[in-house]
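Colleague: Thanks for sitting down with me over this one. Shall we go through the model together, one question at a time?

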Amino acid sequence: AMIPVVRRRYLRTLQATLSARGALALDVEPITDAAGREALRAMLESDEPRQALLALEQLGDERSPQITALLERLLTSPEPRVRAAAVDRYAQAIGARADAVLPLLSDPSVDVRAAAARSYAAIARDESIDLLVSLTTDAERDVRSAALAGLLLHGGIEGDITGGARLAALLGSGSRDERAEAAAVLGTLGPEAYRPIRRLLGDGEPTVRRAALRAC
């Protein structure tokens, strides 16, 4: 008879603690019990951005139709940080839809547009090429880099050709900013980027060398 009462009180206490202390409440141990994870899923529906972000982080790679539905709701959050975190996570969700991400490709937030480019590329694959190509001329470097990386990672042969030409132009540019942008893209590509990154580590510009180190 006491189990339902204790469970309800545990969930209320856990949610209150997380609301007040954020990730510090969890120390270094993730929440693994069923009731705790249920509390985290409930926090995804919170109007408080910090709670929603914490829940997304702690739920890790959990996938279910319920999580997908909650993530789709968070894609329209008024808080840019929540939209960015949700769209980044959405690419791995069960039944993720490219059309759900499309509006965020023109979001006013740079972080959201960059996250949307990554997510859209992963969901739409080689059908994302035209939109990603248009984003490689975005005014913000983070968005351009995300779009170019998406072409190379998910765009198939056509994406490799188009993205490879753009990346080669950045690598051979006389502008240190463009070479640093190339380093940011290479940092997403994994071990196959070893040789160009190695060259950038010896670049004459400290800005480019720092970008290459971050890419490593």
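Colleague: Let's start with D130: is this residue buried or exposed?
Modeller: Keep in mind that this is a predicted model. D130 sits in helix α8, which covers residues 129–135. Its relative accessible area is 65%, and exposed means over 50%. So D130 is exposed.

Colleague: Which residues gather with D130 in a patch of negative charge?
Modeller: The patch lies on the surface, and D130 is one of its members. The residues that join D130 there are D126, E127 and E158.

Colleague: Where does the largest share of the positive patch come from?
Modeller: That surface patch of positive charge gathers R141, R209, R210 and R214. R209, for one, is found in helix α13. Three residues of the patch come from a single helix, residues 206–215, and that is helix α13.

Colleague: And R209 itself, how does it count by relative accessibility?
Modeller: The value for R209 is 31%. Buried would need under 20% and exposed over 50%. R209 therefore counts as partly exposed.

Colleague: Let's turn to salt bridges. How many does the count come to?
Modeller: The rule asks for a side-chain nitrogen of Lys or Arg within 4 Å of a carboxyl oxygen of Asp or Glu. R118 and D88 meet it, with N to O at 3.0 Å. By this rule the count comes to nine.

Colleague: How many residues apart are R118 and D88?
Modeller: Their side chains meet in a salt bridge. R118 is in helix α7 (residues 110–124) and D88 in helix α5 (residues 80–90), and the pair links distant parts of the chain. R118 is partly exposed at 39%, and D88 is partly exposed at 32%. Along the sequence, R118 and D88 are 30 residues apart.

Colleague: Which residues are linked with E72 in a network of salt bridges?
Modeller: One pair to look at is D99 and R97, whose side chains meet in a salt bridge at 2.5 Å, N to O. D99 is partly exposed with a relative accessible area of 47%, and R97 counts as partly exposed at 35%. In the network, E72 is linked with R97 and D99.

Colleague: What about E181, which residue does it form a salt bridge with?
Modeller: E181 is buried, with a relative accessible area of 4%. Its closest N and O atoms to the partner are 2.9 Å apart. The partner of E181 is R144.

Colleague: Which parts does the pair of E181 and R144 tie together, and how many residues apart are they in sequence?
Modeller: R144 counts as buried at 17% relative accessibility. E181 forms its salt bridge with R144. E181 lies in helix α11 (residues 176–186) and R144 in helix α9, so the pair ties together parts whose separation in sequence is 37 residues.

Colleague: Staying with helix α9, is L152 buried or exposed?
Modeller: L152 has its place in helix α9, residues 141–154. Its relative accessible area is 18%, and the cut-off for buried is under 20%. So L152 is buried.

Colleague: Leaving aside neighbours within four places in sequence, which residues is L152 in contact with?
Modeller: For a sense of place, L152 and I129 are 23 residues apart in sequence and 9.9 Å apart in space, C-alpha to C-alpha. With the sequence neighbours set aside, the contacts of L152 are G159, D160, G163, G164, L167, V185 and L189.

Colleague: R89 catches my eye too. Is it buried or exposed?
Modeller: R89 lies in helix α5. Beyond its neighbours within four places in sequence, R89 is in contact with L56, L59, G60, D61, E62, I67 and L71. With a relative accessible area of 14%, R89 is buried.

Colleague: Stepping back, how many helices and strands does the protein have?
Modeller: Read along the sequence, the pattern is α-α-α-α-α-α-α-α-α-α-α-α-α. The totals are 13 helices and zero strands.

Colleague: Last one: what share of the residues count as buried?
Modeller: The accessible surface comes to about 11500 Å², with 54% of it belonging to carbon and sulfur atoms. The protein has 216 residues, and the share that count as buried is 45%.

Definitions and conventions
Residues are numbered from 1 along each chain as its sequence is written. This is a predicted model: local features need pLDDT of at least 70, side-chain atom pairs count only at pLDDT 80 or more; totals for chains, interfaces and linings use all residues. Side-chain values use heavy atoms; hydrogens and water are left out. Patches are made of residues with over 30% relative accessible area and no salt bridge: like charges are joined within 9 Å, nonpolar side chains (Val, Leu, Ile, Met, Phe, Trp, Tyr) within 5 Å. Accessible areas come from the Shrake-Rupley method with a 1.4 Å probe; for residues, only the protein chains shown count as cover. Lys and Arg count as positive and Asp and Glu as negative; His and the chain ends are not counted. The place of a charge is taken as NZ of Lys, CZ of Arg, CG of Asp or CD of Glu. Helices (H or I, at least four residues) and strands (E, at least two) are DSSP runs, numbered from the N terminus. Buried means under 20% relative accessible area, exposed over 50%, partly exposed in between (1.4 Å probe, protein chains only). Contact means heavy atoms within 4.5 Å.
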